[in-house]
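Work through the exercises below with the sequence and the coordinates at hand, and attempt each task before reading its solution.

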Amino acid sequence: MQITVQTFGAFRQFGRQIILELADDAIVSDVRQPLVNALVDYKAKFDIDGLVESSRFATETSILDEQHRLTENMLLTILPPVSGG
Amino acid sequence: MGKIFVDVWDVTEKPLDAMAGLAYVTEMPNGAENLFVGTVRNHNFGKKVLGISYDVFVPLAKQSFLEVCQEAINKWGQELDLYVVHAQGRLDIGGVSIVIAVGSPHRDEAFKACRYIIEEIKHRAPVWKLEHYEDGDSEWSKGCELCSHNHVIDAHNIGESKAHIGENKAHAHD
């Protein structure tokens, strides 16, 4: 199935969103490696692998548990470490 | 029963207004109004800063502000009036990035609730800072990893508390 990852913070440099192809039974924790693979050809001033690892995934209303089951055409948002205020 | 106002404003269209926050929480039953104003400073970790661009996941940020405000009410009373507005977009030095205002019948609750709200927002709200430096470089601030656990702040010792995140990693912010 296809899902879309909306980007914020340091991930903005890769575009506003990234589309990934995942297995039909994928859960949130299954997003990380395909996402890293999709970004591997980009140059960044930071460790992409490390930042993906330290990020969480969310919808507009909640931060998702790592075991949360994904659905076709789901829109996820990647949340790198935050620094508001 | 108090009231809550939370929002995110695009500062290119609508600069934050501390006095508006203060006015919102100034009500007849309140004997104390506490105001926190976050501004952009001209340095960070030894580098000269010209400005900061704030990136915000608005729907979740507003929800996190509401959750933090509700937690403050649960801790310090239903009478609290609360106002939280965060900036989105580019701010120069001295620009206002966040306004938090708390109105309460008594000062102790107003101080504690205001401190609690800013500390929790720093750790939990989906907001990111891109710092712009004098040498022309820009860099995203290193932030706090979000986690599934709520942060533990001792409501009775708010002035001395440390926020805990993830696997008991404690850290502080400016």
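**Exercise 1.** Determine how many salt bridges are counted between chain A and chain B, and identify the residues that take part.

*Solution.* In this predicted model, the count between the two chains is one salt bridge. The next step is to find the partners, which are the side chains of A:R12 and B:D55, with N and O 2.7 Å apart, a value that satisfies the cut-off of 4 Å. The last step is to place them: A:R12 lies in the loop between strand 1 (2-6) and strand 2 (17-21) of chain A, whereas B:D55 lies in strand 4 of chain B, so the pair joins two chains. B:D55 has a relative accessible area of 8% and is therefore buried, since the limit for that class is under 20%.

**Exercise 2.** Describe the contact between chain A and chain B by its residues, its buried area and its polar pairs.

*Solution.* Begin with the residues, of which chain A gives 22 and chain B gives 29. Between them the chains bury about 2100 Å², and 59% of this is on carbon and sulfur atoms. On the side of chain A, the residues that lose the most area to chain B are A:V82, A:S83 and A:G85, which together make up 31% of what that side buries. Turning to polar contacts, the rule finds eleven residue pairs across the interface, with both residues at pLDDT 80 or more. Strand 3 (56-58) and strand 4 (75-79) of chain A are the elements that give two or more residues to the side of chain A that touches chain B, and by class this side has eight nonpolar, ten polar and four charged residues.

**Exercise 3.** Explain what the salt bridge between B:E71 and B:R124 ties together, and find the network to which these residues belong.

*Solution.* The closest N and O atoms of B:E71 and B:R124 are 2.9 Å apart. B:E71 is in helix 2 and B:R124 in helix 3 of chain B, so the bridge ties together parts that are 53 residues apart in sequence. Both residues are buried, and a network of salt bridges links them with B:E67 and B:E120.

**Exercise 4.** Locate the largest nonpolar core and name the residues with the most contacts inside it.

*Solution.* The largest nonpolar core has 42 residues, and B:I100, B:V102 and B:I117 have the most contacts inside it. Among the elements of chain B that give two or more residues to this core are strand 6 (96-104) and helix 3 (107-124). Another core, of 24 residues, lies apart from it and includes A:L22, A:L64, A:L70 and A:L76.

How values were computed:
Residues are numbered from 1 along each chain as its sequence is written. Chains are lettered from A and ligands numbered from 1 in the order in which they are written. This is a predicted model: local features need pLDDT of at least 70, side-chain atom pairs count only at pLDDT 80 or more; totals for chains, interfaces and linings use all residues. Side-chain values use heavy atoms; hydrogens and water are left out. Contact means heavy atoms within 4.5 Å. Buried area is the accessible area (1.4 Å probe) that two parts lose on being put together, summed over both. A polar contact is a pair of N or O atoms within 3.5 Å; within protein, one must be able to donate a hydrogen and the other to accept it, and residues adjacent in sequence count only if both atoms are side-chain atoms. Helices (H or I, at least four residues) and strands (E, at least two) are DSSP runs, numbered from the N terminus. Ala, Val, Leu, Ile, Met, Phe, Trp, Tyr, Cys and Pro count as nonpolar, Asp, Glu, Lys and Arg as charged, and the others, Gly among them, as polar. A nonpolar core is a set of buried Ala, Val, Leu, Ile, Met, Phe, Trp, Tyr and Cys residues joined through side-chain atoms within 4.5 Å. Buried means under 20% relative accessible area, exposed over 50%, partly exposed in between (1.4 Å probe, protein chains only).
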